[in-house]
Amino acid sequence: MNNYINKKDTKVVNFPMSTQKCHMKDKKCDYKTLAIMTLYSNMTPMKDQHESRTYEPYRYVYKNKIIKFTDEIESLSNKKIGTVINNMRKLSQLEGGLVTATKNHNEEIIYYIRYENERGREYVSIPEDMLRRLVWIGNGNLIKVYLLIKYLCEDEKRRFNHDEKKITNKYICDEIGLSSSSKNNLQGITEITNTLEECDFIKKRYVKSSETGIKTNIFYSLISYDEWVYI
C-alpha cells in the first residue's frame, strides 16, 4: 500500500531523470543522490530556455539548499547529510557531464544537472511523490531499474501502442552496469522488481517459455500516477 505520500488535491510536479546509457551503465553514478538533488533542484531560468517554457536544458541546486533541508533529506534518504554532499561532489567529478559544479560571485557552490548529449535529451519524467517514494524505499540501483523499465515501456507504447514490454533480468543488469553473468546480480534484479511491484510502481506478468514450459518470460507494465496515488 502507498501510505507514505498522498497529495491527491495538489498540482503534480514532474522531475526529469536522465536515462542516458553512459550514466545508467556507470556503477559510480549514484542515482539515489541524483534523485535527491533533483527533488531539491530549481528549474532552468527563463533566460536560458531556448525553445519554449517547457524546455529545460538543465536544473540546478545550491549546496546550501541541501544543507538547509538536512533533517528532511536525512529522514527521506536514510543517509547523513555529509554523505549526501560527498556523493554530490563525486557525481560532479564523473565523466559525461551529468552533474557539474561551479561557484557564483558569492562563492556559493551550485550543482547543475543536465539532460542533453549529442543525440538530444534523454530522460523520463517522474512525479515528485513517486520520486520521493523511490528514494525512500531503495538504493541507486532500484531507481535505475525503475527508470529503465519506465523508459522501455513508454517507448514500446509510443512505437507500437503496446501496454507492456518483455524485459529480461540479464538485459536489466547489462543496462545498469552490473555483470549479467552473476547469479547474485540476476537474483538482485528479481528482488528489486518485486519491491517495485509491491510498492505499486510496476506490474509483472509471467509467461511460460515455449521451450521449457517454465514461467521465465516477464512482461512489465507501468502503473500510472493517477492509479498509484489512489492505491
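In the predicted model, the secondary structure of the protein chain consists of ten helices and ten strands. Of its 231 residues, 45% are buried. The surface that the protein chain exposes amounts to about 12,700 Å², of which 47% is supplied by carbon and sulfur atoms. Among contacts in the protein chain with a separation of 6 or more, 62% join residues that are 24 or more positions apart.

The largest nonpolar core comprises 57 residues. Within this core, M17, I66, I126, L134, I143, L196 and F201 touch the most other members. Helix α7, spanning residues 140–160, contributes nine residues to the core, the largest share. The surroundings of F201 illustrate how this core is assembled from separate parts of the sequence: beyond residues up to four places away, F201 touches M130, R133, L134, I137, Y146, L196, L222, I223 and W228. Two of these partners, L134 and L196, are themselves among the core residues that touch the most other members.

Helix α7 packs against two further helices, α2 and α9. The axes of α2 and α7 come within 7 Å of each other and cross at roughly 75°. An angle from 65 to 115 degrees counts as roughly perpendicular, and α2 is therefore roughly perpendicular to α7. At this crossing, Y31, K32 and A35 of α2 meet G140, I143, K144 and L147 of α7. The second partner, helix α9, covers residues 183–198. Its axis lies 10 Å from that of α7, and the two helices pack at an angle of about 70°; α7 and α9 are therefore also roughly perpendicular to each other. On the α7 side, this contact is made by N141, L142, V145, Y146 and I149. On the α9 side, the residues involved are I189, I192, T193, T195 and L196.

Helix α2, which extends over residues 31–39, is largely enclosed by the rest of the structure, because nine of its nine residues are buried. These residues are Y31, K32, T33, L34, A35, I36, M37, T38 and L39. The N-terminal end of α2 is capped by D30, with a side-chain oxygen 3.0 Å from the backbone nitrogen of K32. K32 thus takes part both in this capping arrangement and in the meeting of α2 with α7.

Two residues of α2, T38 and L39, were examined individually. T38 has a relative accessible area of 0% and is therefore buried, the cut-off being under 20%. A polar atom of the T38 side chain lies 2.8 Å from the backbone oxygen of L34. In an α-helix there are 3.6 residues a turn, so residues three or four places apart point the same way. Apart from its neighbours within four places in sequence, T38 is in contact with F15, P16, M17, R59, I113, Y115 and L131. One of these residues, M17, also belongs to the largest nonpolar core.

L39 likewise counts as buried, because its relative accessibility is 6%. Excluding residues up to four places away in sequence, L39 touches F15, L76, E128, L131, R132 and V135. F15 and L131 thus appear among the contacts of both T38 and L39. The C-alpha atoms of L39 and P16 are separated by 9.6 Å, although the two residues lie 23 residues apart along the chain. P16 itself is one of the residues in contact with T38.

Terms used
Residues numbered from 1 in each chain as written. Predicted model: local features only at pLDDT ≥ 70, side-chain atom pairs only at ≥ 80, totals over all residues. Heavy atoms only, no water. Helix = DSSP H or I, 4+ residues; strand = E, 2+ residues; numbered from the N terminus. Buried < 20%, exposed > 50% of the residue type's maximum accessible area, 1.4 Å probe, protein only. Contact = heavy atoms within 4.5 Å. Areas by Shrake-Rupley, 256 points an atom, 1.4 Å probe, with all protein chains shown as cover. Core = buried A, V, L, I, M, F, W, Y, C linked by side-chain atoms within 4.5 Å. Polar contact = N/O pair within 3.5 Å; in protein donor to acceptor, adjacent residues only side chain to side chain. Axes fitted to C-alpha atoms, helices over the stretch in contact; angles between N-to-C directions. Parallel < 35°, antiparallel > 145°, perpendicular 65-115°, else oblique.
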